[in-house]
Amino acid sequence: MVTAIQEASAEQRIVEHSMGSTKVSGTPVKVVTLFQGATDTAVALGVIPVGVVDSWVQQPTYKYLRKDLADVPHVGLESQPNLEVIAGLQPDLIVASKRRHEKIYGHLSQ
């Protein structure tokens, strides 16, 4: 969960979140979402992720998102995302959940 965004410059910002802080350069274009709420929010804001996790009920994607996410690769389950697939997508930003992804945060932040 993002708690604050501090403008460092037009090209860089420091994002404070539940696991610490992250320097984000430019505008992220390649976004991977690792929980359904992040996927829903991204799509609602017009951002089509480059990778998403499987939905819980309607696999692989909830029906209301299928049109928007038709060509988006799946990176595993919320509870067990595939780090190799995520790395292969070379994302600019990964939106994760502390509750589910704290143990793999070090790998995700690489």
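Helix α4 (residues 105-109) supplies four residues to the lining of the largest pocket, and this is the largest share of that lining. The model in which this pocket is found is a predicted one. The pocket holds about 1,200 Å³ of space, and 38 residues line it. Nearest its centre lie Asp 92, Leu 93, Ile 94, Val 95 and Ala 96. Sorted by class, the lining consists of 23 nonpolar, 10 polar and five charged residues.

One of the residues nearest the pocket centre, Ala 96, also appears among the contacts of His 101. His 101 itself belongs to helix α3 (residues 98-101). With a relative accessible area of 3%, His 101 falls under the 20% limit and is therefore buried. Once neighbours within four places in sequence are set aside, the residues in contact with His 101 are Leu 34, Glu 78, Pro 81, Ala 96 and Leu 108. Leu 108 brings helix α4 (residues 105-109) back into the picture. The contact with Glu 78 can be described in further detail: the side chain of His 101 reaches the backbone oxygen of Glu 78 at 2.8 Å.

Attention now turns from the open pocket to enclosed space. Rolling a probe the size of a water molecule over the atoms shows where empty space is left. Across the whole structure, one cavity of 30 Å³ or more is found, and about 40 Å³ of space lies in the largest cavity. Its lining is made up of Gln 36, Thr 39, Val 52, Val 53, Ser 55, Pro 60, Thr 61, Tyr 62, Leu 65, Leu 69 and His 74. By class, six of these residues are nonpolar and five are polar, while no charged residue takes part.

Two of the cavity-lining residues, Pro 60 and Tyr 62, have further features worth a look. Pro 60 sits in the loop between β5 (51-52) and β6 (76-77). The peptide bond that joins Gln 59 and Pro 60 is cis, with omega at about 0°. Tyr 62, for its part, belongs to the one aromatic pair that a search of the whole structure finds. Its partner is Tyr 64; the ring centres are 5.9 Å apart and the planes meet at 15°, so the pair is stacked. The two members of the pair differ in accessibility: Tyr 62 counts as buried at 15%, whereas Tyr 64 is exposed, with a relative accessible area of 52%.

The backbone offers another point of interest at Gln 90. Most residues other than glycine have a negative phi, and most peptide bonds are trans. Gln 90, although not a glycine, has a positive phi of about 50°. This residue lies in the loop between α2 (83-89) and β8 (93-95). Its relative accessibility of 58% is over 50%, so Gln 90 counts as exposed.

A further loop residue, Val 29, is found between β3 (20-25) and β4 (31-33). Val 29 also counts as exposed, at 59% relative accessibility. Along the chain, 19 residues separate Val 29 from Ile 48, and the C-alpha atoms of these two residues are 9.1 Å apart.

Methods:
Residues are numbered from 1 along each chain as its sequence is written. This is a predicted model: local features need pLDDT of at least 70, side-chain atom pairs count only at pLDDT 80 or more; totals for chains, interfaces and linings use all residues. Side-chain values use heavy atoms; hydrogens and water are left out. On a 1 Å grid over the protein atoms alone, a cavity is a set of points where a 1.4 Å probe fits but cannot get out, and a pocket is an open set with protein on both sides within 12 Å along at least five of seven lines; lining residues have an atom within 4 Å of a point. Grid points are joined across faces, edges and corners, and a volume is the space filled by probe spheres set on the points. Helices (H or I, at least four residues) and strands (E, at least two) are DSSP runs, numbered from the N terminus. Ala, Val, Leu, Ile, Met, Phe, Trp, Tyr, Cys and Pro count as nonpolar, Asp, Glu, Lys and Arg as charged, and the others, Gly among them, as polar. Buried means under 20% relative accessible area, exposed over 50%, partly exposed in between (1.4 Å probe, protein chains only). A polar contact is a pair of N or O atoms within 3.5 Å; within protein, one must be able to donate a hydrogen and the other to accept it, and residues adjacent in sequence count only if both atoms are side-chain atoms. Contact means heavy atoms within 4.5 Å. Rings of Phe, Tyr and Trp (its six-membered ring) pair if their centres lie within 6.5 Å; planes under 30 degrees apart count as stacked, over 60 as edge-to-face and the rest as tilted.
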